[in-house]
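Student: Could you take me through a close look at a single part of this structure, with the cut-offs behind each term spelled out as you go?

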Amino acid sequence: MLSVNDAAEFMLENGGYFTAKKLAKHFDVSTRRASSWLGVIKSDVKYHTANWGSRLSCLELALVQFVFLSCRRGL
């Protein structure tokens, strides 16, 4: 079963902006479910980055994504 973590990982790996509609289409779930995932990602502290709420440069965002994925893969 798909989870918020799957959506968060997909969003980090692909970058860009995601709407509930885009996530719903990609994961083949309802827009309501995808919207719920986005709500959790937005509100849950464990999904926040060190610079949460501030603008990041492309390089900083790439570094955050690299560190996150490296930790997930045990590198």
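Tutor: Let us take helix 2, where what covers the buried residues includes helix 1 (4-14) and helix 3 (31-43). This is a predicted model, in which local features need pLDDT of at least 70 and side-chain atom pairs count only at pLDDT 80 or more, while totals for chains, interfaces and linings use all residues. Residues are numbered from 1 along each chain as its sequence is written, and side-chain values use heavy atoms, with hydrogens and water left out.

Helices here are DSSP runs of H or I with at least four residues, and strands are runs of E with at least two, both numbered from the N terminus; by that rule the protein chain has four helices and zero strands. Helix 2 spans residues 20-27, and its buried residues are A20, L23, A24 and F27, where buried means under 20% relative accessible area, exposed over 50%, and partly exposed in between, with a 1.4 Å probe and protein chains only. These buried residues cover an arc of only 100 degrees around the axis, which puts them on the same side of helix 2; the arc is that of the directions from the helix axis to the C-beta atoms. In general, an α-helix has 3.6 residues a turn, so residues three or four places apart point the same way. On the other side of helix 2, K21 and K25 are exposed.

Turning to the first of the covering partners named above, the axes of helix 1 and helix 2 come within 12 Å and cross at roughly 105 degrees. That crossing makes helix 1 roughly perpendicular to helix 2, a label for angles of 65 to 115 degrees, whereas angles under 35 count as roughly parallel, over 145 as roughly antiparallel, and the rest as oblique. The axes are lines fitted to C-alpha atoms, for helices over the stretch in contact, and angles run from 0 to 180 degrees between N-to-C directions. Helix 1 makes the contact through D6, A7, F10 and M11, and helix 2 through L23, H26 and F27, contact meaning heavy atoms within 4.5 Å.

As for the other partner, the buried residues of helix 3 are A34, W37 and I41. They cover an arc of only 55 degrees around the axis, which puts them on the same side of helix 3, and they pack against helix 1 and helix 2. On the other side of helix 3, R32, K42 and S43 are exposed.

Finally, helix 2 is followed by D28, whose phi is positive, near 55 degrees.
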